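Visitor: I've got a model open and some labels I'd like to question. Can you take me through them?

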Amino acid sequence: MLQSSNEADKTESMTTLAAWTLIQDGAPINLSDTLIRLGLILAIYLVFTLTQRFLIRSQLVQSVGLQLNLLVLVLLVILCLEPLLARMKSQVGSAIMASAAFLGVAIGLKLVDVVLFEWVARWRQRPPVPLVVRDIARWGVGLVALVLIVHVFFPELNLNVLTVSSLVVGYIVGNATQDTLGNLVAGLALNTERPFQIGDWVTVGGHVGMIVDTTWRATRLRTKNEDYIVIPNASIAKESIINYSRPTAKHGCHLSIGVSYDTPPNRARQVILDVLRETPRVCSEPAPVVFLVNYGDFAINFTIKLFIDDYAIIDIVQSDVMDRLWYAFRREGISIPFPVRDMRQRDAMADEEAQRLAERKAIRHLLSGVDMFQSLSLEEMNRLVDEAKFKLFAAGENLCRQGEAGDSFYIISRGRVAVLMSGAGRQPVVVAHTDSGGFFGEMSLLTGEPRSGTVCAETDVEVLCVAKQDFAGLLQANEGLAGKIASVLEERLAERQNLRTAFANQETNPEIRTDLATRIRRFFGLGQA
Ligand code: CMP
């Protein structure tokens with residue numbers, strides 16, 4: 001009796017289990033056989049997972065890892081539990097087959113995606129297609145495939161019902177995930193508008209970094225400190241974006257530097273430009289530019305605009321330029337001032353005296369190099385040294401103009417000038433160049449004639465300027481000086497070709513010397529020698 005009641009209980013529990021497992025025939029399941037099969041599935045699956053994890057290094061296989069695992073699991077279930085499945089209701093079998101089919105499609109789509117969008121893009125050297133676009137394409141095709149699979153395996157299922165219920169589910173999910181959808185839409189907008197691409201350097205929402213990727217939800221930047229910043233797409237859509245890599249990889253940047261007031265701006269500019277030309281990674285095109293921005297409290301301030309071809313190296317290049325500027329300025333005797341006024345005030349007086357002495361030495365050196373001053377006595381020379389003044393002209397400036405009255409004579413201390421002459425209605429022609437040690441402007445000064453030509457600075461020029469009154473004193477004190485100067489001038493004139501002044505036609509006339517000396521004396525109001 002006891003045994004028969006136990007058997008009755010066992011049969012009942014088996015029947016309940018059979019009903020729960022959707023067994024069609026209602027016959028009990030052989031538990032031990034089922035457990036062995038499940039164990040087999042687990043063992044094979046574990047072997048597969050371990051092999052895949054540690055032995056298969058292929059990136060392609062790795063990219064479909066999850067789907068592949070699930071597919072293997074489903075296939076193992078189909079193969080190993082086949083007798084059990086055969087006894088189950090047909091929907092169970094269909095659901096499992098449909099899952100296998102869908103996983104197969106998902107794997108296929110992923111493989112096509114990787115091959116098409118990554119391998120082919122790399123092979124054709126095209127920028128990678130953004131993740132969000134690839135995902136949408138894959139999900140779109142996947143959805144269509146899902147509907148078809150459902151239709152094939154569950155032909156009795158009404159697709160309209162399926163559509164309506166998807167809409168309802170979609171609405172609920174949509175409301176619940178409004179932010180996510182916002183990010184998705186913004187992600188799509190970003191990919192349509194394409195304000196940046198992978199690899200571009202940008203500033204977004206105050207963050208500077210290189211675009212690593214854009215997913216459904218967010219865009220990832222890698223900063224210069226090698227950190228990732230993940231910014232939700234919806235936030236990016238609201239922010240202004242600076243893209244340093246578009247329209248070209250070239251990026252202009254600015255640097256500021258000040259030089260002391262005794263440095264001529266053009267000289268400082270030239271040194272800066274030379275440094276920029278030599279610094280690696282500074283583009284020659286567009287050429288760097290140096291702007292004088294203001295005369296500050298204690299420095300002449302410049303802004304340097306230069307271009308680099310990769311935003312990633314901006315700090316390195318800027319630092320390199322500033323390093324090199326320090327050394328170049330030091331070599332050229334240009335100082336970068338600093339505001340320590342009290343300390344420098346005392347030194348300034350001593351400096352000024354030393355500077356004046358050096359200046360007198362330089363003036364004497366320049367004057368004694370001019371042939372018409374060779375005959376001056378020491379006293380006369382000293383008087384001239386006291387009066388003569390240095391003047392600076394920037395490249396491109398005119399020091400005197402053809403046709404103007406001239407009351408100064410110039411000796412070039414540094415730089416180079418061009419002498420230009422123009423006839424009626426003709427363009428000015430360069431007739432001569434003069435550089436350090438050379439002189440000009442003597443014609444008008446000594447004879448009162450208008451300037452015979454225009455003298456233009458080709459580089460920054462420093463000249464020693466001797467005025468008419470300085471000469472007047474000399475000529476009055478030294479009776480024979482006018483004659484000596486006249487003879488030197490004559491020799492100079494004899495060397496000139498194509499001279500279109502009044503003297504040109506008289507070069508070979510011996511009377512010209514007397515004439516020139518007379519004109520000099522007359523012009524300076526001296527008695528005839
Ligand atoms: P001045 O006529 O006072 O002004 C223009 C100056 O240009 C002139 O003096 C000369 O010193 C200089 N000059 C004119 N013609 C020549 C030339 N052919 N070669 C060199 N210097 C010249």
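Visitor: How do the residues of the shell around the ligand divide into nonpolar, polar and charged?

Guide: This is a predicted model, where local features need pLDDT of at least 70, side-chain atom pairs count only at pLDDT 80 or more, and totals for chains, interfaces and linings use all residues. Residues are numbered from 1 along each chain as its sequence is written, and side-chain values use heavy atoms, leaving out hydrogens and water. As for the shell, 8 are nonpolar, 4 polar and 4 charged. Ala, Val, Leu, Ile, Met, Phe, Trp, Tyr, Cys and Pro count as nonpolar, Asp, Glu, Lys and Arg as charged, and the others, Gly among them, as polar.

Visitor: What makes a residue part of that shell of 16?

Guide: One of its heavy atoms must lie within 4 Å of the ligand. G441, E442, S444, R451 and S452 are the closest.

Visitor: Why is the pair between S452 and the ligand called a polar contact?

Guide: A polar contact is a pair of N or O atoms within 3.5 Å. A polar side-chain atom of S452 sits 2.6 Å from a ligand oxygen, so the pair qualifies. R451 also brings a polar side-chain atom to 2.8 Å from an oxygen of the ligand, while G441 uses a backbone N or O atom, at 2.8 Å. The protein buries 95% of the 460 Å² that the ligand exposes when taken alone (Shrake-Rupley method, 1.4 Å probe).

Visitor: Which helix gives the most to the shell?

Guide: Helix 15, with 3 residues; helices here are DSSP runs (H or I, at least four residues).

Technical notes: Polar contact = N/O pair within 3.5 Å; in protein donor to acceptor, adjacent residues only side chain to side chain. Helix = DSSP H or I, 4+ residues; strand = E, 2+ residues; numbered from the N terminus.
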